[in-house]
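Visitor: I have a structure open here and would like a quick tour. Could you walk me through it?

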Amino acid sequence: FWVLATHGDDVAAVTPGGYALSGWQGGRWSSYVYTDRPVYRPGHVVHWKGILRARVANHLELPKLSTIHVTIADQDDHALLDKDMPLSAAGNVAGDLTLPATATLGYYNIRLRNGPASDDPDADAGNGSFRVEDYRKPEYQVRVSPAKARLLQGETMPVVIDARYFFGEPV
């Protein structure tokens, strides 16, 4: 199913599966850990957030924790952040991490744990990820021009697609 929201002329639609606190299926916790975008460059600031719930019987509850241990590590598991952080009354934890100019390229992992690293699998409370990549100058640009601003489900609409190299020739 879809969730549809309107405010004046603005319309937003989302499939709630991605936001259903199903990002971590470990033991007694359910969570959703995300960043403001999926890819960063060395030196950029990563804005991240985690939403945590405790699994109790067949429902979710706010966690009865005041802190959660957060580790952000590169693909070689070198931690850039490794500390206990306050958990809000709403079960949220958030922060910013400035990547060093010499940051390793690749996948980074954000881990939430109920306490520092241990062998207890129930301590794992959440997981999220992002990538760090070098800037690559784009070789071409694609422009899509729709015939109208909005359409209803089932309607068709012609669009004009123009793809050109930056030196002007078509792709």
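Guide: One term before we start: a contact means heavy atoms within 4.5 Å. With that, residues 24 or more positions apart account for 52% of the contacts in the chain with a separation of 6 or more. Keep in mind that this is a predicted model.

Visitor: Okay. What secondary structure does the chain have?

Guide: The chain has 13 strands and zero helices. Along the sequence the pattern reads β-β-β-β-β-β-β-β-β-β-β-β-β.

Visitor: How much of the chain is buried?

Guide: Of its 171 residues, 25% count as buried. The accessible surface of the chain is about 11500 Å². Carbon and sulfur atoms hold 53% of that surface.

Visitor: Now sheets. What's the strand order in the five-stranded one?

Guide: The order is β4-β11-β10-β7-β8. The sheet is open, and the pairing is mixed.

Visitor: Which strands sit at the edges?

Guide: β4, residues 39–40, and β8, residues 79–86. Each of these pairs on one side only.

Visitor: And how do β10 and β11 pair, parallel or antiparallel?

Guide: Antiparallel, over eight bridges. β10 covers residues 106–113 and β11 covers 124–132. For register, G106 stands opposite V132 in β11. In general, strands of a sheet pair through backbone hydrogen bonds.

Visitor: What about salt bridges? How many are there?

Guide: The structure holds six salt bridges. One of them belongs with the strands we just covered: R113 meets D124 at 2.1 Å, N to O. R113 is in strand β10 and D124 in strand β11, 11 residues apart.

Visitor: Is R113 buried or exposed?

Guide: R113 is buried, because its relative accessibility is 8% and the cut-off for buried is under 20%. D124 is partly exposed, at 24%.

Visitor: Which residue does R111 bridge to?

Guide: R111 meets D77, at 3.3 Å from N to O. D77 lies in the loop between β7 (67–73) and β8, while R111 is in strand β10, so the pair ties together parts that are 34 residues apart in sequence.

Visitor: And how accessible are those two?

Guide: D77 has 49% relative accessibility, so it counts as partly exposed. R111 has 25% and is partly exposed too.

Visitor: Give me one more bridge.

Guide: E155 and K148. Their side chains meet at 3.5 Å, N to O. E155 is partly exposed at 36%, and K148 is partly exposed at 39%.

Visitor: Switching to aromatics. How many pairs are there?

Guide: The structure holds five aromatic pairs. Among them is Y40 with F130. Their ring centres are 5.4 Å apart and the planes are at 85°, so the pair is edge-to-face.

Visitor: Where do Y40 and F130 lie?

Guide: Y40 is in strand β4 and F130 in strand β11, so the pair ties together parts that are 90 residues apart in sequence. Y40 is buried, at 1% relative accessibility. F130 is buried as well, at 2%.

Visitor: What cluster do they belong to?

Guide: An aromatic cluster made of Y40, Y108 and F130.

Visitor: Any pair outside that cluster?

Guide: Take Y140 and Y165. They are edge-to-face, with 6.3 Å from centre to centre and 80° between the planes. Y140 is in strand β12 and Y165 in strand β13, 25 residues apart.

Visitor: Are those two buried or exposed?

Guide: In between. Y140 is partly exposed, with a relative accessible area of 42%. Y165 is partly exposed too, at 29%.

Visitor: What else is Y140 part of?

Guide: Y140 belongs to a nonpolar patch on the surface. The other members are V142, V144, V159, I161 and V171. Together they have about 570 Å² of accessible area.

Visitor: Which elements supply that patch?

Guide: β12 (140–146) and β13 (159–165) each give two or more residues. β12 gives the most, with three.

Visitor: And I161, where is that?

Guide: I161 is in strand β13.

Visitor: Why does I161 count as exposed?

Guide: Because its relative accessible area is 61%, and the cut-off for exposed is over 50%.

How values were computed. Residues are numbered from 1 along each chain as its sequence is written. This is a predicted model: local features need pLDDT of at least 70, side-chain atom pairs count only at pLDDT 80 or more; totals for chains, interfaces and linings use all residues. Side-chain values use heavy atoms; hydrogens and water are left out. Patches are made of residues with over 30% relative accessible area and no salt bridge: like charges are joined within 9 Å, nonpolar side chains (Val, Leu, Ile, Met, Phe, Trp, Tyr) within 5 Å. Accessible areas come from the Shrake-Rupley method with a 1.4 Å probe; for residues, only the protein chains shown count as cover. A salt bridge is a side-chain nitrogen of Lys or Arg within 4 Å of a carboxyl oxygen of Asp or Glu. Helices (H or I, at least four residues) and strands (E, at least two) are DSSP runs, numbered from the N terminus. Buried means under 20% relative accessible area, exposed over 50%, partly exposed in between (1.4 Å probe, protein chains only). Two strands pair if DSSP finds at least two bridges between them. Rings of Phe, Tyr and Trp (its six-membered ring) pair if their centres lie within 6.5 Å; planes under 30 degrees apart count as stacked, over 60 as edge-to-face and the rest as tilted.
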